[in-house]
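Colleague: I am new to this structure and would like a close look at its aromatic rings. Please take me through them slowly, with the reasoning spelled out.

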Amino acid sequence: MTTPATPSSLGTDSSPDLFAEAEPRDVVARLSLEQKAELVTGATFWTTAAVEEAGIPAIMVTDGPHGLRKQGGAADHLGLEQSVPATCFPPAVALGSAFDTDLAERVGAAIGAEARAEGVGVVLGPGLNIKRSPLCGRSFEYFSEDPLVSGELAAAVTRGIQSRGVGACLKHFAANNQEHDRMRVSSDVDARPLREIYLRGFERAIASARPWTVMSAYNKINGVSASEDPWLLTEVLRDQWGFDGLVISDWFAVGDRVEALRAGLDLEMPTTGGASQEQVIAAVQEGDLDEAALDRCAARVVELVQKVQAGARTPAVDVDVQAHHALAREAAARSAVLLKNDDEILPLDASASVAVIGEFARTPRYQGAGSSQINPTRVDDALTAITAASRAEVRFAPGFPLEGAEETASGTAESLRAEAAEAAGAADVAVVFLGLPAADESEGFDREHLDLPAEQLNLLEAVVEANPRTVVVLSHGGVVALPFAQTVPAILEGWLLGQAGGSATADLLYGTANPSGRLTETIPLRLADSPAYLDFPGEHGHVRYGEGVFVGYRWYDARDLDVAFPFGHGLSYTRFEHTDLDVSVEADELRIRTTITNTGERDGHEVVQVYVGRPGSAVARAPRELKAFTAVALQAGESQIVELRVPRQDLAHWDRRLDRWVVEGGEHVVAVGASSRDLRQETRVEVPGDEVAVPLTRESTLGDALAHPLTGPLVREAVQEAAQSGGGGDVFSAEGLMRMLESFPLGRLGGFSTSGMDQEWVDGLIARTRRG
Ligand code: BGC
């Protein structure tokens, strides 16, 4: 009935056109129960089932996200076995820092082209989970601590991948913010942070890029498995957001296939060797599962196969390996963040002698471990690129052994340090490559601290002592503490820059490229300052999101905490001036215009950031939230008027009483600048609010009734009267009395016989708010 499938069967079945043009529902209507059950679970580790009689070919889905990880032989979901060579672009931690959606789209298109050339139907990425704690082991796979940045960048990568006739996959849906206990833990998160922080990026990317697929996460949300949650996978995703693609499970995420089907999880991956099929068939036969639910999921699989087939018929773009490497280099140069550059020590003068120190210069760290690990087409190292860029002497000292490497070949930590200090002392400038050992950060586990290895910090101290003209270049996927931030004059935050990171680093050091990356996450002074510090990674199967909406800079700003480097920060070799801010409030958006001028001598990119705050809000809020951004390319001396838009909906918070978004009216502060703490211009605008009238119940308080537009005047009047008739005693005015009574439930006011606010009065108030 069904045959084991390979993607090569794509489009080679007996009736491709009939299948391609058929309504998915009609295709499914002709399938047997067994065939439908086959379709909704993977046939192999990476492919769906083919149903030859119905002309349904298999398709291949594979990782993602910053390049293609297509395995030819043995398969695994942890990046352990080999995959075909593919361009390793900068992982999301770096690409996000460019704050450039066009660039991200071009990278996505290149990944899509490589996937297409390899016969892959869906690339499992981008990943857009929020960086809740800097310790998350997969930080390198995610864009930001901010949902706008995450959503916009993910949308751009999605558009790019899908422009090549290949599907993208937003992952991991949702609230998957740690690796510890990842297949079981329940992310216990309130409605507001869930909607405003953890779901918002997904909602945005789905609305703007229409991904073909979304991957359900391993974890639970408030006790319910994300892969078996009808609220998440159907109510929110489809009914509220209008998602019309396919939901695929994370690998081995499904505990109960029948429950998952009911919830709206269309395709379980990978194969379960027939076990899931048996469960599904039995559940339908025993009347435990409505066959219509199975039909819906099967139809979505059919529709995805049709999309992949149609994509495979569009004209293919040749994969130019050199051009993709060049794009990886461009993207890497745009992604690194120049944190500090005292006395303009950078860019380096090509005629200055340089001591290149640190094993990472020769043996680069350019991606993280796990399912996203790409087999690169080539790898550039910074040492070779610096040697090529320099016209003076370049001396290399490894400085420290890589973890696991025997110290004997190159000496002990002490002798390596002495050798490095000697090289630094003899050179005009020292460039020290520090970073986290590869084994420290990976899918599957979280870090326990933010520290760089002690031998690296000791090395740096010795080098700076020998030559204060020292530049630090960092390679790591998650934020690290920077105890040397005050003592070294320049720091280039290189994250993990992909296969061309080495040459891009030399481009930046020598000024062939001008740094323009900005932090998509705050670098705290101490781990203990970070928002989730006390609630990460949880215990006994639960992690409490106690910081609520105060994630990332929202937390540091609300608590007025000093940080090492703030969200949005990043320097350039040129300077930008922001002037002429003008904000207009339109019915459906804020329109922001500002002039940006490159007042320096080099061409460069400025990342213009718009933050909006609502002082005195009735709900707990951060002082400001990023609401729009754009990366502007400006030649030296050039000036440009930049227009940004903030859709009205983006000003809304989630009202948990009404279970919907609400724009709170009133004065909003719009600030535009070069980082969350380098706001150059500010203005205040009045934004009309949404009508909010929550019907009163006996559980509502007198305060609720006072705030309600229909009952407020009546309550004010009644309290006034009560105060005048002595109800406030000698102490309270009407205002004071109100303050004292505002938390009193209406249903329990009846006992106040003297107040006039008796049962009948209460019933009248409630009735008023229910009439219309
Ligand atoms: C990861 C996914 C990945 C899948 C397939 C899982 O371990 O969480 O991101 O796409 O494996 O490799």
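**Aromatic rings, one by one**

Modeller: Tyr553 has a relative accessible area of 1% and is therefore buried, a term that stands for anything under 20%; this value, like the others below, comes from a predicted model. Tyr611, also with a relative accessible area of 1%, is buried as well. Both tyrosines belong to a cluster that ring pairs build from Phe99, Tyr553, Phe567, Tyr611 and Phe629.

To see how such pairs are judged, it helps to recall that two aromatic rings are described by how far apart their centres lie and by the angle between their planes. Across the whole structure, the search finds 12 aromatic pairs. One of them joins Phe173 and Phe202, whose ring centres are 5.1 Å apart and whose planes stand at 65°, so this pair is edge-to-face, the class for angles over 60 degrees. The two phenylalanines come from distant parts of the chain, since Phe173 sits in strand β4 (residues 169–173) and Phe202 in helix α7 (residues 191–209), with 29 residues separating them. Phe173 has a relative accessibility of 0% and so counts as buried, while Phe202, with a relative accessible area of 1%, is buried too.

With that example in mind, we can return to the tyrosines: the ring centres of Tyr553 and Tyr611 are 6.1 Å apart and the planes meet at 85°, so this pair is edge-to-face. Here again distant parts of the chain are linked, for Tyr553 lies in helix α18 (residues 553–558) and Tyr611 in strand β22 (residues 604–613), 58 residues apart.

Rings may also have a charged partner over the face. Arg132 lies over the face of Tyr545, at 4.0 Å from the centre of that ring, and Arg195 is placed over the face of Trp654, at 3.9 Å from the ring centre.

In summary, the tyrosine pair you may wish to find in the picture is edge-to-face, with planes at 85°; Tyr553 is buried, Tyr611 is buried, and both take part in the cluster that includes Phe99, Phe567 and Phe629.

Methods:
Residues numbered from 1 in each chain as written. Predicted model: local features only at pLDDT ≥ 70, side-chain atom pairs only at ≥ 80, totals over all residues. Heavy atoms only, no water. Phe/Tyr/Trp six-rings, centres within 6.5 Å; stacked < 30°, edge-to-face > 60°. Helix = DSSP H or I, 4+ residues; strand = E, 2+ residues; numbered from the N terminus. Buried < 20%, exposed > 50% of the residue type's maximum accessible area, 1.4 Å probe, protein only. Lys NZ or Arg CZ within 6 Å of the ring centre and 35° of its normal.
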